[in-house]
Amino acid sequence: MTTRRPVGKGLTYAGLGLAAVAVVGLAGWGITALVGGGDDDTDFGGLVPDTATAAPTATAAAAAADDPCSPGEGDQLSGEGVIAALEHRYYLLRSGESVRELMAPDAPLPDAAMIQQGIDTVPLGTTHCLEVTAIGPNTYSAQITEVRPDRRNEFKQRITTTTAEDGRVMIRSIEEVGA
């Protein structure tokens with residue numbers, strides 16, 4: 001005797017599977033678009049997995065801070081410092097608002113909410129390495145090696161900075177280099 005499954009249930013499961021694949025795809029695309037930064041009309045789609053929104057644990061933050069590859073907290077005293085601060089706030093503080101505070105107010109970069117959506121796609125426990133090289137006045141080459149629990153990603157960027165009236169160095173633009 002064979003058991004028959006109602007057709008509607010099979011379609012429901014197939015639809016849920018496709019929706020899950022779409023969410024994962026959009027999440028991956030969102031972080032690539034944010035880190036690449038070169039597209040002024042970036043849209044993250046608003047779909048973020050619930051599991052990615054928790055703050056890092058004290059143990060994870062301490063382990064990342066002890067990592068010899070970590071550039072530290074950074075500062076706003078130099079181009080290299082503000083780039084290190086951006087990566088620290090992105091990967092360790094996981095705060096879109098804090099990251100956006102490092103960017104010039106009129107910079108054509110995502111707002112804090114869009115940055116947060118990108119951060120939320122990065123799994124907890126992800127670490128990063130940063131190499132910054134000055135390539136011109138207020139212009140830097142940055143290589144970010146992101147080590148996720150399941151894979152390693154490398155991003156090359158050209159970052160320009162500007163100095164605010166109060167003397168703080170701020171991010172002016174972030175462009176993906178190569179593909």
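1. Two strands count as paired when DSSP finds at least two bridges between them. In this predicted model, strand β3 (residues 152–163) and β4 pair in the antiparallel sense, over 7 bridges.

2. Two facing pairs place that ladder on the sequence. Gln157 stands opposite Glu176 in β4. Thr163 stands opposite Val169 in β4.

3. The hairpin of β3 and β4 has 5 residues between the strands. Check the backbone at Gly167 there: its phi is positive, near 95°.

4. Now the whole sheet. It is open, has 4 strands and runs in the order β1-β2-β3-β4. The pairing is antiparallel. β1 (127–136) and β4 (169–176) stand at the edges. Each has a single partner strand, so one side of each lacks a neighbour in the sheet. On average, neighbouring strands are turned by 30° against each other, direction ignored.

5. What packs on the sheet? Helix α3 does. This helix covers residues 79–93 and touches β1, β2 (139–147), β3 and β4. The direction of α3 makes about 155° with that of β1.

6. A word on confidence. The chain averages a pLDDT of 73, and 60% of the residues score at least 70. Over residues 1–64 the pLDDT is below 50. Beyond near neighbours in sequence, that stretch has 53 contacts in the model.

Key: Residues are numbered from 1 along each chain as its sequence is written. This is a predicted model: local features need pLDDT of at least 70, side-chain atom pairs count only at pLDDT 80 or more; totals for chains, interfaces and linings use all residues. Side-chain values use heavy atoms; hydrogens and water are left out. Helices (H or I, at least four residues) and strands (E, at least two) are DSSP runs, numbered from the N terminus. Axes are lines fitted to C-alpha atoms, for helices over the stretch in contact, and angles run from 0 to 180 degrees between N-to-C directions. Contact means heavy atoms within 4.5 Å. pLDDT is the predictor's confidence in each residue, from 0 to 100.
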